[in-house]
Amino acid sequence: MRWTKSLIPTLRESPAEAEILSHQLLLRAGIIRKLAAGLYNFMPLGMRSLRKVQQIVREEMDRAGALEILMPALQPPEIWQKSGRYDAAGDTLFKVNDHGKREWVLGPTHEEVVTTLAAGEISSYRQLPINLYQIQTKFRDEIRPRFGLMRAREFIMKDAYSFDLNDEASMASYRLMYDTYTKIFRRCGLKAFPVEADAGVMGGKHTHEFVVPADTGECEIAFCDACGYAANVEKADSQVEASYTKDTAAAEAFETPGVKTIEDLSKAPFNIPASQQIKTLIFTAEDKPAILLLRGDYQLNEAKLAGILGTVLFRPATDEEIVALMGAHPGSLGAVGVNGTPIYADLLLQGASGMVTGANKDGQHLRHVDIARDIPSAKFVDIRTVKDGEACPKCGKPLCIRHAIEVGQVFKLGTKYSVALGAVYSDEKGEQKPCVMGCYGIGVTRTLQAIIEQNFDKDGINWPMSVAPYQVCITPLNIAADSEPMKWAEKFYAELTAAGIEVLMDDRDERPGVKFKDSELIGIPLRLAIGEKSLAKGVVELKRRGGDLITLKPEEAVAEVIKLVKEELQKLQ
Ligand code: ATP
Ligand code: MG
């Protein structure tokens with residue numbers, strides 16, 4: 001491809017809309033252009049890299065025996081009602097009306113569709129196992145679309161669904177996808193690793209996310225350098241042992257005018273450390289209240305709470321609901337003396353004594369609270385979010401918490417969808433059984449941006465060879481057709497293209513500095529510069545993106561480029 005014939009609108013400055021570096025580079029390198037919040041056009045360079053990521057995904061999925069299909073993005077809401085996710089998916093589900101005012105759903109994911117398909121096509125144990133996948137556009141009405149392709153409202157996902165005879169076979173399918181994901185990300189030049197994750201609204205218990213550590217990532221992971229334990233903080237455990245000194249004094253009320261928060265109480269004149277306070281939260285789950293107790297220095301983990309309540313349809317109670325239930329406003333709430341409402345206390349509060357909590361009277365708290373004595377109906381559960389430095393649940397060494405980007409996720413789903421949507425098979429004895437399912441997603445467009453997030457420097461993108469839009473940029477420093485540099489450039493272009501190398505020829509009438517800067521910005525892994533001065537010395541200049549410049553005889557250049565491209569691709573196999 002000749003630069004002048006392509007559309008590569010590079011920008012010197014970062015557009016103000018881009019908050020993170022990879023998003024800035026996507027725009028500056030002319031890879032994407034915004035249409036509206038969370039909606040992007042892929043420009044010619046972007047399309048080339050996107051197709052390469054898709055191709056890697058496709059090759060590895062095919063190699064694992066999965067079958068590519070394509071399902072409609074527009075879906076009937078009835079199947080979402082059948083699976084129970086019409087409500088659970090909440091506001092993120094895009095809904096549209098047809099001319100007859102009938103409602104449709106724009107698929108955020110395809111469990112409902114694929115299970116309906118399987119229900120029609122699978123009838124016998126002989127057809128299993130089967131894994132169906134597609135590379136498709138998804139729609140999610142994200143509350144905050146941002147960071148370019150990272151959190152878009154329309155994005156491309158590879159989603160796969162396995163159907164198996166039983167749990168054991170389903171686990172084997174899961175392992176195979178887990179290994180396949182490892183290969184896919186490695187081939188993309190991305191250092192992604194699996195972490196234990198929470199199943200959330202998907203149902204099912206066993207799940208890993210594949211994440212790329214990055215300060216700009218929207219998920220947090222807890223990991224242990226010593227033993228390799230790694231989990232999303234939504235799921236992560238830790239070994240924290242709390243020791244409390246027994247305080248046998250009776251609970252007593254004291255005045256705390258104006259105190260609204262744990263922090264207020266930890267300051268003068270009260271000076272009660274957060275670790276000595278009980279934080280009381282009121283949640284409503286399917287119209288029923290629940291009281292949650294945490295130690296004052298910990299935060300609630302909503303993913304764990306969902307597991308305990310058995311639903312994702314919960315929310316913090318409103319002030320009115322709280323006053324009606326507890327008789328006081330937030331800031332003075334406590335569970336002492338409360339009956340008839342389920343109370344869940346975090347495990348860390350087990351044995352807590354000498355604690356301070358709200359008195360359910362505005363402007364009053366209680367001290368000398370002993371949880372076993374004063375809140376006997378509390379059920380102890382794990383609902384807190386782990387903190388940096390706590391002991392690893394596996395080996396006891398300190399955990400680190402870091403931000404990361406989730407690029408993929410594998411789930412073992414069980415039979416939730418097959419039961420709801422009738423994907424059953426008859427076994428050898430003719431008995432009807434639900435297929436055991438797994439589902440496996442990769443955010444293809446998010447992965448593309450994550451690759452940039454991990455591969456850039458001050459000059460721009462540094463694409464791994466496997467996903468670079470072009471493998472080499474030929475840069476003649478004189479573009480007159482009869483000039484020596486251009487004659488060589490044309491020869492290289494023809495020979496490299498014939499050898500299957502993807503070449504971009506910078507035939508623009510620009511200063512060398514501009515050409516070099518642009519080829520670095522768009523991240524082409526190799527650059528072959530041909531100038532009159534160097535030709536006079538009998539050489540051309542080959543430079544790896546971000547590496548040293550080597551001079552070669554022009555006759556050797558083609559072979560050297562082919563060798564380097566092959567070597568780089570080999571490394572990423
Ligand atoms: P997140 O927690 O980031 O919202 P998710 O867990 O809801 O993502 P999944 O349902 O697991 O996402 O979807 C599979 C993959 O699709 C994710 O691992 C991610 O790479 C990608 N993805 C999800 N939401 C978006 C989005 N809004 N924009 C771009 N990619 C996305
Ligand atoms: Mg996910």
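Which residue has an N or O atom in its side chain 2.7 Å from a nitrogen atom of ligand 1?

**View 1. Polar contacts of ligand 1 in the predicted model.** The residue is E142, whose side chain places an N or O atom 2.7 Å from a nitrogen atom of ligand 1. The side chain of R151 likewise offers an N or O atom, at 2.8 Å from an oxygen atom of ligand 1, while a polar backbone atom of G443 lies 3.3 Å from an oxygen atom of the ligand. With these surroundings in view, the protein covers 82% of the 580 Å² of accessible area that ligand 1 has on its own.

**View 2. The shell of residues around ligand 1.** The ligand is surrounded by 14 residues, of which R140, E142, R151, A152 and E406 are the closest. By residue class, the shell is made up of 6 nonpolar, 3 polar and 5 charged residues. Strand β21 (400–414) and strand β8 (154–164) are the elements that each give two or more residues to this shell, and β21 gives the most, with 4 residues.

**View 3. The magnesium ion, ligand 2, and its coordinating residues.** The ion is coordinated by E406 through OE and by Q409 through OE1, at 1.9 to 2.2 Å. E406, which is also among the closest residues to ligand 1, has a relative accessible area of 25% and is therefore classed as partly exposed. Q409, by contrast, has a relative accessible area of 11%, and is classed as buried because this value falls under 20%.

How values were computed:
Residues are numbered from 1 along each chain as its sequence is written. Chains are lettered from A and ligands numbered from 1 in the order in which they are written. This is a predicted model: local features need pLDDT of at least 70, side-chain atom pairs count only at pLDDT 80 or more; totals for chains, interfaces and linings use all residues. Side-chain values use heavy atoms; hydrogens and water are left out. A residue is near a molecule or strand if one of its heavy atoms lies within 4 Å of it. A polar contact is a pair of N or O atoms within 3.5 Å; within protein, one must be able to donate a hydrogen and the other to accept it, and residues adjacent in sequence count only if both atoms are side-chain atoms. Accessible areas come from the Shrake-Rupley method with a 1.4 Å probe; for residues, only the protein chains shown count as cover. Ala, Val, Leu, Ile, Met, Phe, Trp, Tyr, Cys and Pro count as nonpolar, Asp, Glu, Lys and Arg as charged, and the others, Gly among them, as polar. Donors are N, O and S atoms within 2.8 Å of the metal (3.2 Å for Na, K and Ca); water is not among the atoms, so sites may look incomplete. Buried means under 20% relative accessible area, exposed over 50%, partly exposed in between (1.4 Å probe, protein chains only).
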